[in-house]
Amino acid sequence: MENKIKHGKDFILGKSAIIKKPELIEVGDNVRIAEFCYVSSACKIGSNCEIAFGVSIAGGGGKYTFTMGDYSSLAAGVRMWLASNDYVNDLVAHNVPFVKEIEGNVTMDKYTGIGSNSVVMPNNHIPEGVSIGALSFVPSNFPFKPWTVYAGSPIKEVKPRNKENILKILKLLGEE
């Protein structure tokens, strides 16, 4: 499977990871996708990223794309949805005529992270520097602010993130 994925150097794919459409995956340098991950959507993953064990990136059948910026991470058990049933306005069923789903790309900019067992719904843009705490629920079209920490279910703003310190570390690494 790994040989069908377009990837840079130092790419590690867990032996038990399931990649349904490897031809729709692009991965940068120094990326790890751990064991027990399930990916069925198109993905563009930057460099120096980690997707921890048990993460799912699903929905949309390749029609939508999950994008993950450089130096970003998904912690264990994160669920990233690019399509989902609309539990308020429609039947909750799969492949039923006239049932509309909530659909859209999910984009994580550089230096972002999502904590364990969080759920991100379709059609979200997570701007640079955002950090989302464990067990959070992110509804579609959530209005994030860059360099901010969010957490909870429902998700809410917690406090600003230390942008200067993070950029200082990147400078020490020769990245900024």
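**Strand pairing in the model**

Q: Which residue in E22 stands opposite Gly 152?
A: This is a predicted model: local features need pLDDT of at least 70, side-chain atom pairs count only at pLDDT 80 or more, and totals for chains, interfaces and linings use all residues. Numbering starts from 1 along each chain as its sequence is written, and side-chain values use heavy atoms, with hydrogens and water left out. Strands here are DSSP runs of E, at least two residues, numbered from the N terminus. Opposite Gly 152 in E22 stands Ile 155.

Q: How many residues link E21 to E22 in the hairpin?
A: E21 and strand E22 (residues 155–160) run antiparallel, joined by 5 bridges. Within them, Val 149 faces Lys 159 of E22. The residues of the hairpin joining E21 to E22 number 2.

Q: Which residue in E21 stands opposite Ser 131?
A: Strand E19 (residues 131–132) pairs with strand E21 (residues 148–152) in the parallel sense, over 2 bridges. Two strands count as paired if DSSP finds at least two bridges between them. The residue opposite Ser 131 in E21 is Val 149.

Q: Which are the edge strands of the open sheet of 6 strands?
A: The sheet order is E3-E6-E9-E12-E17-E20, with parallel pairing. An edge strand pairs on one side only. The edges are strand E3 (18–19) and strand E20 (137–138).

Q: What is the bridge partner of Met 80 in E17?
A: Strand E12 (residues 79–81) and strand E17 (residues 119–120) run parallel, joined by 2 bridges. In E17, Met 80 has as its bridge partner Val 120.

How values were computed
Helices (H or I, at least four residues) and strands (E, at least two) are DSSP runs, numbered from the N terminus.
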